[in-house]
Amino acid sequence: MNGDRSPARREPPAAAARLPPSLRRRHPGGRRHGAILKDDVCRDSCFHFDLWFYFTLQNWVLDFGRPIAMIVLPLEWFPLNRPSVGDYFHMAYNIITPFILLKLMERSPKALPRSVVYLCIIIFVMGASIHLVGDSVNHRLIFSGYQLHLSVRENPIIKNLKPETLIDSFELLYYYDEHLGHSMWYIPFFLILCIYFSGCFIPCKEQQPRIPVAALLLTGPSSLYYWYLVTEGQIFTLFIFTTFALVALVMHQRRKGLVMDSNGRFLFYSFLLALGLVALWIGWLWNDQILRNKYPGIIYVPEPWAFYTLHWRDLPSTKAESF
């Protein structure tokens, strides 16, 4: 009879709550660090093309492109006493980048330490905001003749300021821009990528899965942006230690029978290729005495924009005078 074929009764939520903790299905937000939901591994270990594409695109447009936009667009559109187009780019970057990083964390098949991630995001936004103010004033000084390949006190428009305490104020601004802002921006940024990378490992079967074509296409633009980030941000030491940490993590996980998924391989290859580009950049400018005077010490990594103001900014006018 139909009455005997009634569907099995579902356990009410109250009864499910009385189950032992070991038998309950943990909510993603309540997973312990290191726990993996087997149902989500295949789905979350696929290459996140949408997030990586938006991440790479906004890095190029909003970070690398903001000083270019300030140079290309007419100065009359953005007076020097008002925010420039580059400042609006920077504001958008400070909002979009942490949002994409949080979305990447959500898609990780491995439960990541959320408190550490949130703290890194907060410090990242604060550091990038400090850098926004310092970089905004710094680029306005370029229109007044400030030369990035010289130190603050060696710049012609700075060293003759009266009273001399104004020079100390500009050095403080430079410290906020190039040191404090960069440290609070890049240290949590790379730490977040390391935390995300720690969840990009899957059990090794017969062989490591092939990296998707989409990931290969994005590796070039991604690594080139990391090259710009390392050279312009003067964070070679931080970057090399981060790369070593990724290599050590790969070796450690391989001993446990785990290999990188497509997202991990994309991030890993981007870092390795960026390291090669930095080495080529240093070798190309190794004998530039002016830049060596600007960047003394053992670690010599010239900034691209310092190279621009030294060699390229006056190149069009020089060619015009020759004709």
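**View 1. Residues 235-254 and 266-286 of the predicted model are largely helical spans.** Over residues 235-254, helix accounts for 95% and strand for 0%, with 29 Å between the end C-alpha atoms. Residues 266-286 are 90% helix and 0% strand, and their end C-alpha atoms are 30 Å apart. Helices (H or I, at least four residues) and strands (E, at least two) are DSSP runs, numbered from the N terminus. An unreviewed UniProt entry lists both spans under "transmembrane region"; such annotations may be inferred rather than shown by experiment. Residues are numbered from 1 along each chain as its sequence is written, and local features need pLDDT of at least 70, side-chain atom pairs pLDDT 80 or more, whereas totals for chains, interfaces and linings use all residues. Side-chain values use heavy atoms, without hydrogens and water.

**View 2. F124 and F189 form a stacked pair.** The whole structure holds 29 aromatic pairs (Phe, Tyr and Trp rings, the six-membered one for Trp, with centres within 6.5 Å; planes under 30 degrees apart are stacked, over 60 edge-to-face, the rest tilted). In this pair the centres are 6.0 Å apart and the planes lie at 25 degrees. F124 belongs to helix α5 (residues 114-143) and F189 to helix α7 (residues 165-197), so the pair ties together parts 65 residues apart in sequence. F124 is buried at 0% relative accessible area (buried: under 20%; exposed: over 50%; partly exposed: in between; 1.4 Å probe, protein chains only). F189 is likewise buried, at 0%.

**View 3. F190 and F239 form an edge-to-face pair.** Their ring centres are 6.0 Å apart, with planes at 65 degrees. The pair links helix α7, which holds F190, to F239 in helix α9 (residues 236-255), 49 residues apart. Both residues are buried.
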